[in-house]
Amino acid sequence: MSVFLNRQLAGLIPYTPGEQPKRGEFIKLNTNESPYPPSPRAVAAAAEAAKTLNLYCDPSAKALTAEFCNYYNVDDVIFGNGSDEILAFCYLAFCEKEVAFPKISYGFYQVFSDLYNVVAEQIPLTENFEIDPATYFNKKKTIIIANPNAPTGIALNKDQLESILAANEQNVVIIDEAYADFSGFSARSLIEKYNNLVVVGTFSKSRNLAGARLGFAVANTELINDIALVKNSYNPYNVNAVTQAMGAVSIAEAAYFEECVGKIVAEREKFIEFLEQNGFYTLPSKANFVFTKPAAASGEELYEYLRSKKILVRYFKAIPDFVRITIGTAIEMDAVKEAIIDWRK
Ligand SMILES: *Cc1c(COP(=O)(O)O)cnc(C)c1O
């Protein structure tokens, strides 16, 4: 640390991303990406858009916005360089002093709280790793909830979400839907009913575009304009032309998207059943990963064993009994199952 660093940042602990190993070195099930590549049409659109990179991109992403609003039947959207950037914009726009989020959730919420000098209340989960809606009533501070939550995979249903929204009329509630496409429910349908709702989403998990960096927020126009105020005061060209083009094709190609999500959900259900038959305790996931606990070993032991078999999963020191395993292709999941069956034979 230099003597010149802003003293407010002296104690800041940055987010630790999951390991990104050399391609092909591991079966990579550690950061919840899609195992399927972008579609050939999306790749072709990227090559075409690359020819325009001498010019600045469209700061309002008009073509992508039109495609998105039409497909999802929403009035307004704003895009970011990943949903992490959208969350950062939301912190600047809506978090003046205090914010509340689940104690076990996406690690970036605490990092943003520290970065933007916002006091964070971490609300405990129940003993079953669930979010208890009542613990979010009348908070009078901005709320952020990942739904489905990470790394548990457990989702609140529509009624539970509505109870939180209705009991927080005085503050914004941000629902981070990074995994919602695997759950069958999106809070987008509640935007017209609740003027305090911001729904954040990403193309990184269900839309095969983690490396392209594309996230979004949907909300009523007033809230979107607030986020746009921050975006346009920070980086109007935040989503590059190649990414905008790939995003538009991803939305237009609904069949490819649905096929990829369908395969992942089917593999998830089979894998949960396999784990149960092999004595693991697995939380009821609605996401593209499972959070699971082996019967007579720690999460770290399972992590290290799978790593030795060239399978990379995620282990969190704070929840040492569990590992988080991203759902991959059928072939990848067969390799994981085989490794688990061989474990300690
Ligand atoms: C992956 C993830 C994000 C960030 O996604 P990007 O769009 O790639 O920045 C945000 N929230 C949660 C809960 C996530 O798991």
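1. A quick word on naming before the comments: helices (H or I, at least four residues) and strands (E, at least two) are DSSP runs, numbered from the N terminus. Also keep in mind that this is a predicted model, so everything below is a reading of that prediction.

2. Let's start with the ligand. Its surroundings are made up of Gly82, Ser83, Asp84, Tyr106, Asp176, Ala178, Tyr179, Thr202, Ser204, Lys205 and Arg213. By class, this shell splits into three nonpolar, four polar and four charged residues.

3. Three polar contacts to ligand oxygens deserve a look on screen. Tyrosine 179 brings a polar side-chain atom to 2.5 Å from an oxygen atom of the ligand, and serine 204 has a side-chain N or O atom 2.6 Å from a ligand oxygen. Aspartate 84 uses its backbone instead, with an N or O atom 3.0 Å from an oxygen atom of the ligand. As for cover, the ligand taken alone exposes 390 Å², and the protein buries 93% of that.

4. Next, the second largest pocket, with a volume of about 510 Å³. It has 23 lining residues, of which Arg23, Lys28, Glu33, Ser34 and Pro35 are the closest to its centre. The lining counts 11 nonpolar, seven polar and five charged residues. Where does this second largest pocket sit relative to the domains? It lies between domain 1 (16-37 + 255-344) and domain 2 (40-252), because both give residues to its lining.

5. On to enclosed space. Rolling a probe the size of a water molecule over the atoms shows where empty space is left. For the whole structure, the search turns up two cavities of 30 Å³ or more. The largest cavity has a volume of about 90 Å³. Of its 13 lining residues, Glu177, Asp181, Gly201, Thr202 and Phe216 are the closest to the centre. Strand β7 (residues 197-202) supplies the largest share of that lining, four residues. The class split for the largest cavity is six nonpolar, three polar and four charged residues. Thr202 is worth a second glance, as it is listed both around the ligand and among the residues closest to the centre of this cavity.

6. The second largest cavity holds about 80 Å³ of space. Its lining consists of Pro38, Ser39, Ala42, Arg207, Asn208, Leu209, Val249, Ser250, Glu253, Tyr256 and Phe257. Which elements give two or more residues to that lining? They are α7 (241-252) and α8 (254-277). Here the classes come out as six nonpolar, three polar and two charged.

7. Finally, some backbone geometry to check. Most residues other than glycine have a negative phi, and most peptide bonds are trans. The bond from asparagine 147 to proline 148 is cis, with omega near -5°, and the bond from alanine 150 to proline 151 is cis too, with omega near 0°. Proline 148 is placed in the loop between β5 (142-146) and α5 (158-166), and proline 151 is likewise in the loop between β5 and α5.

8. One more residue for the same list: lysine 140. Its phi is near 55°, a positive value in a residue other than glycine. Lysine 140 belongs to the loop between β4 (119-123) and β5.

How values were computed: Residues numbered from 1 in each chain as written. Predicted model: local features only at pLDDT ≥ 70, side-chain atom pairs only at ≥ 80, totals over all residues. Heavy atoms only, no water. Near = heavy atom within 4 Å. Polar contact = N/O pair within 3.5 Å; in protein donor to acceptor, adjacent residues only side chain to side chain. Areas by Shrake-Rupley, 256 points an atom, 1.4 Å probe, with all protein chains shown as cover. Nonpolar A, V, L, I, M, F, W, Y, C, P; charged D, E, K, R; others polar. 1 Å grid on protein atoms, 1.4 Å probe; cavity = no way out; pocket = protein on both sides within 12 Å on 5 of 7 lines; lining within 4 Å. Points joined across faces, edges and corners; volume = space filled by probe spheres on them. Domains from an automatic or database assignment.
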